[in-house]
Amino acid sequence: MPMTDRVIPLIDQRLISLKTALPAQHVAPTGLLHDSLHRPLRDLRISVTDRCNFRCSYCMPKSVFDKDYQYLPQQSLLSFEEITRLAGQFVAHGVQKIRLTGGEPLLRKNLEVLIAQLAALRTPEGQPLDLTLTTNGSLLARKAKGLKDAGLNRVTVSLDGLDDAIFRQMNDVDFPVADVLAGIEAAQRAGLSDIKVNMVVKRGTNDHEIVPMARHFRATGITLRFIEYMDVGATNGWRMDEVLPSADVIKQLQAELPVVPLEPSAPGETAQRWGYAGADGAHDPSLGEVGVISSVTQAFCGTCNRARLSTEGQLYLCLFASQGHDLRSLIRGSASDAQLASAIAHIWQGRTDRYSALRSSLPADVGAGGRRVEMSYIGG
Ligand code: SAM
Ligand code: SF4
Ligand code: SF4
């Protein structure tokens, strides 16, 4: 069947959530909380909007996210105060890194206000958080300085190619690549550190952009990361034959720009690191590094320390989960901070999720194409 004829049934997974009861037993935060597979809670991703100005076919295909698509109403969204209050409880349990995402997070009005509130949080050891954001870069040229001034530390920009025609086709709203590149430069000028560029690689669509992208970002201080096209959500019509395994990405690089493997820099890191080699064949730090995120071919569930908070306050324990745990009803009810912390602890302690590790052995209605929440709703 040709691609365009595929009919993708859409079930609104946003409506399916688990009611979170106020726990009878308190669990006081100690700064270290393990799930049932002994994975600590360290990383919180917060989706601040389910809207986006791009229509990347692997995430928000136009056929589904059209003019009739029902985005969340304003009153469903967590307010900045609600987000900060919840984030504070996650931090008390050991979260050290917060990533704002979406949808397109820079579409959320006054995002700088939220960033300033989150930047004021401290870990139980009194340390500031690693506060970062993932963006499609379209509004970054205008906003980079304000974000930095508000307390943002780092930024990750998604960019799927340098070829303008390919990029316009992939974002599907005819957005020019030059404007995203200008956004990246603005982020550098604003002093945002450790800038990363994420490229989703789709075999047959943008795999010929791998080497040009690597050449462009080598020796710039920016780390390019290649992401395997994933079966997230239920609308992108994912097929395994469109996944280019990271091993093939590395092979392409080796042929033109030799790289050597590097040690992971942090536990639970999603990307495998490779450093550009100098003339002596060893890593030359002045040339920088690239990363590969092999979510499909090499699952990293064993060290997954990430929780996701949806735009309307549902806690998801996995990118591929089909149900969230409703925290909004608790904060809009009468829950105290201690009760919120206990509820989060009970949910995380019961976590068994490891979708990628199980992907190939799952039944068809749970595996690829199964009922899952969209990435634009829980954030990448
Ligand atoms: N709109 C922002 C952006 O594009 O950076 C933030 C949200 S987006 C959902 C977060 C990340 O998920 C982006 O880097 C995007 O490329 C990635 N992503 C979305 N759908 C994907 C898929 N099917 N496979 C792999 N990565 C995906
Ligand atoms: Fe928008 Fe990001 Fe999804 Fe592309 S990947 S449609 S930019 S949310
Ligand atoms: Fe974590 Fe789920 Fe991804 Fe595994 S599949 S790494 S548990 S988000």
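**Ligand contacts and a helix pair**

User: Happy to start with ligand 1: how far is a backbone N or O atom of Gly 103 from a nitrogen atom of ligand 1?

Analyst: In this predicted model, Gly 103 is listed among the closest of the 20 residues that surround ligand 1. The pair in question joins a backbone N or O atom of Gly 103 to a nitrogen atom of the ligand, and the separation is 3.0 Å.

User: Which residue places a polar side-chain atom 2.5 Å from an oxygen atom of ligand 1?

Analyst: Let's go through the polar partners. Met 230 offers a polar backbone atom, 2.9 Å from a nitrogen atom of ligand 1. The side-chain atom 2.5 Å from a ligand oxygen belongs to Ser 158.

User: How many charged residues does the shell around ligand 2 have?

Analyst: The shell includes Cys 52, Phe 54, Cys 56 and Asn 136. By class, it splits into 6 nonpolar and 2 polar residues, and the number of charged ones is none.

User: Are helix 3 and helix 5 roughly parallel or roughly antiparallel to each other?

Analyst: Their axes come within 8 Å and cross at roughly 20°. Angles under 35 degrees count as roughly parallel. Helix 3 and helix 5 are therefore roughly parallel.

User: And is the crossing of helix 3 and helix 5 left-handed or right-handed, and how many nonpolar residues does the contact have?

Analyst: Good one to finish on: the crossing is right-handed. Helix 3 contributes residues including Leu 140 and Lys 145, and helix 5 contributes residues including Gly 183 and Ile 184. Beside 1 polar and 2 charged residues, the nonpolar count in this contact is 8.

How values were computed:
Residues numbered from 1 in each chain as written. Chains lettered and ligands numbered in written order. Predicted model: local features only at pLDDT ≥ 70, side-chain atom pairs only at ≥ 80, totals over all residues. Heavy atoms only, no water. Axes fitted to C-alpha atoms, helices over the stretch in contact; angles between N-to-C directions. Helix = DSSP H or I, 4+ residues; strand = E, 2+ residues; numbered from the N terminus. Parallel < 35°, antiparallel > 145°, perpendicular 65-115°, else oblique. Left-handed = near helix turned anticlockwise from the far one by under 90°. Contact = heavy atoms within 4.5 Å. Nonpolar A, V, L, I, M, F, W, Y, C, P; charged D, E, K, R; others polar. Near = heavy atom within 4 Å. Polar contact = N/O pair within 3.5 Å; in protein donor to acceptor, adjacent residues only side chain to side chain.
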